[in-house]
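Me: I'd like to learn how to read a protein model, step by step. Could you take me through one?

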Amino acid sequence: MAFLMQQVLGGKLKNMMGGGESANTSAADGKDTPESKGMSREEFEEYQRQLVEEKIQRDKEFATKKAERANLRVLLRDKYRIPQNAQDDATVQMAGDDLDVPEDLAKMVDEDEEQEEMNDSFMGKLQNLDLDFDAMKIKAQSTMTEVKQAAEEKCVLM
């Protein structure tokens, strides 16, 4: 904890006190040295190692998130039948099987597929017609009654 506080506040305090401009604070090539950070050589090496590990971890997480976003775009393009993007396909292939599809999207895609299958069937088409059979029955009966009345008026035999 003291190491972290020294890293966060140490440089600011030195600059405020005027001690930050000594000749041995940085090397000739502009890189940080253990003396410029105010730590021993071992502490400085550990600090540099932590920085490298953190950078590698950040890069790995960034690549994963980028591939997940590309995978999401690919799935949405499939869903809405939009032409595919080669760059997204390449990003997804580079990531391999490590990608997670958001649960909400997976559920939505599954529901849409089920709905499309249902709509493609004969019963699905009948359900989508949204017909009112009672109204049709009443209309048919009234039409038949009108036809009978018109026929009775014109025909002597009825």
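Reply: Happy to; we will go from the whole chain to one helix and then to one residue. Keep in mind that this is a predicted model.

Me: How many helices and strands does the protein chain have?

Reply: Start with the order of elements. Here the protein chain has 7 helices and 0 strands, so its elements read α-α-α-α-α-α-α from the N terminus.

Me: What share of the residues is buried?

Reply: Of the 158 residues in the protein chain, 11% count as buried. The accessible surface is about 13,500 Å², and carbon and sulfur atoms contribute 56% of that.

Me: How do I check the span of helix 3 against its 40 residues?

Reply: Compare an expected length with the one in the model. At 1.5 Å a residue, helix 3 should span 58 Å, and its end C-alpha atoms are 58 Å apart, which agrees. The helix covers residues 41-80, and Arg 81, which follows it, has a positive phi near 55 degrees.

Me: Is Arg 77 buried or exposed?

Reply: Relative accessibility decides this, with buried meaning under 20%. Arg 77 counts as buried because its relative accessibility is 18%. Other buried residues of helix 3 include Phe 44, Tyr 47 and Val 74.

Me: Which side chain does the side chain of Arg 77 make a polar contact with?

Reply: That partner is Asp 88, with the two side chains making a polar contact at 2.5 Å. Leaving aside neighbours within four places in sequence, Arg 77 is also in contact with Ile 82, Pro 83, Gln 84 and Asn 85.

Conventions:
Residues numbered from 1 in each chain as written. Predicted model: local features only at pLDDT ≥ 70, side-chain atom pairs only at ≥ 80, totals over all residues. Heavy atoms only, no water. Helix = DSSP H or I, 4+ residues; strand = E, 2+ residues; numbered from the N terminus. Buried < 20%, exposed > 50% of the residue type's maximum accessible area, 1.4 Å probe, protein only. Areas by Shrake-Rupley, 256 points an atom, 1.4 Å probe, with all protein chains shown as cover. Polar contact = N/O pair within 3.5 Å; in protein donor to acceptor, adjacent residues only side chain to side chain. Contact = heavy atoms within 4.5 Å. Expected span 1.5 Å × (residues − 1).
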